Amino acid sequence: MFLSLLVYLCCGAVAGVLAGLLGVGGGIVIVPMLVAIFPGQGVPPEYVQQMALGTSLASIMITSISSARAHNARGAVHWDIFRNITPGILVGTFVGGLVATHMPTMFLKIFFICFLFVVSAQMLSNYRPPASRDMPGALGTAGVGGVIGLVSSFVGIGGGTLSVPFMSFCNVPLHHAVGTSAAIGFPIAVAGTLGYIIGGWGRPDLPALSLGFVNLWALLGLAVASYLTAPLGARLSHALPTAKLKRGFAVFLILVAVKMLWGIL
């Protein structure tokens, strides 16, 4: 058990740095790692993907707080955007998490793999929608938040891969978009975690220390490590050539996606 905690701590450390550094959401790394680890920890195969997604979202509650505080200290969080997008985020992520708990594991795995390929392609091409408009009003921003929350709940991330391009498209400077995305990750994580807890409540054969589809032992390791390392990632984002780092990370994501795809063929 303590060996598994060490593994979860390592996963959390990597996720925390990435959440602060790249604004892509540590869940992109956490979910594949948990999918690989959970079968050996007594999680039934039909629940592995849901447990990975729920636990990943729960850990992002801690990561997002730490990362958002670090970005806010640099004045990089737009709280007006946060207020407008949060209602849609809460509804979209909660509903998505609840629905995902009743979906076949295979569908969620394929959805996640496709998402990895899309994110990788965006990173390699460095494509960003032209900053050609301002942020929509409160209702429009909330509607976009609902879509971001829904997709985030299906892939167990804090939404940075969607919210950062959206805000960049709306003329928000990149570093501010990353910082605001870190804050947006908190309501995504809270609503999504609640959906996975309720949807997984009372399911048979879940391992000990499980709260619905959230594994508390894994959450402990992920949360402690990610909370400590997220500020480091935020500091590095202001000092390192993140464009080059993202291209290298994109290649890594492609390898992860190929490995996951090979495992289900």
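**View 1. Helix 2 in the predicted model, a helix largely enclosed by the rest of the structure.** In this predicted model, helix 2 spans residues 27-37, and because nine of its 11 residues are buried, the helix is largely enclosed by the rest of the structure. The buried residues are G27, I28, V29, I30, V31, P32, L34, V35 and I37. In soluble globular proteins, nonpolar side chains tend to be buried together.

**View 2. The largest nonpolar core and the surroundings of L34.** The largest nonpolar core holds 62 residues, and the members that touch the most other members are I28, L34, F38 and L116. I28 and L34 also appear among the buried residues of helix 2. When neighbours within four places in sequence are left aside, the contacts of L34 are with Y8, P39, A52, T55, S56, A218 and L222. A second core, separate from this one and made of five residues, includes A58, I197, V214 and A223.

**View 3. S153, a buried serine in helix 6.** S153 is placed in helix 6, which covers residues 138-155. Its relative accessible area is 0%, and S153 is therefore classed as buried, since that value falls under the 20% limit. Apart from residues within four places in sequence, S153 is in contact with L53, L57, G92, T93, G96, G97 and Y196.

**View 4. S210 in strand 1 and its polar contact with P207.** S210 belongs to strand 1, which consists of residues 210-211. With a relative accessible area of 23%, S210 is partly exposed, because this value lies between the limits of 20% and 50%. The side chain of S210 reaches the backbone oxygen of P207 at 2.9 Å, and, not counting residues up to four places away in sequence, S210 touches M51 and N215. Between the C-alpha atoms of S210 and G200, which are 10 residues apart along the chain, the separation is 9.4 Å.

**View 5. L209 and N171, two loop residues with positive phi.** Most residues other than glycine have a negative phi. L209, in the loop between helix 8 and strand 1, has instead a positive phi near 65 degrees, and its relative accessible area of 44% makes L209 partly exposed. N171, which is likewise not a glycine, has a positive phi of about 70 degrees. The place of N171 is in the loop between helix 7 (160-169) and helix 8, and with a relative accessible area of 41% N171 is partly exposed.

**View 6. A nonpolar surface patch to which helix 8 and helix 9 contribute.** The residues I65, F186, V190, L220, V224, Y227 and L228 make a nonpolar surface patch of about 570 Å². Helix 8 (174-200) and helix 9 (216-237) are the elements that each give two or more residues to this patch, and helix 9 gives the most, with four residues. V190, one of the patch residues, lies in helix 8 and counts as partly exposed at 32% relative accessibility. That value is over the 30% relative accessible area required of a patch residue, so V190 meets this condition while still falling in the partly exposed class.

Methods
Residues numbered from 1 in each chain as written. Predicted model: local features only at pLDDT ≥ 70, side-chain atom pairs only at ≥ 80, totals over all residues. Heavy atoms only, no water. Core = buried A, V, L, I, M, F, W, Y, C linked by side-chain atoms within 4.5 Å. Buried < 20%, exposed > 50% of the residue type's maximum accessible area, 1.4 Å probe, protein only. Contact = heavy atoms within 4.5 Å. Polar contact = N/O pair within 3.5 Å; in protein donor to acceptor, adjacent residues only side chain to side chain. Patch = residues over 30% accessible without salt bridge, like charges linked within 9 Å, V, L, I, M, F, W, Y side chains within 5 Å. Areas by Shrake-Rupley, 256 points an atom, 1.4 Å probe, with all protein chains shown as cover. Salt bridge = Lys/Arg side-chain N within 4 Å of Asp/Glu carboxyl O.
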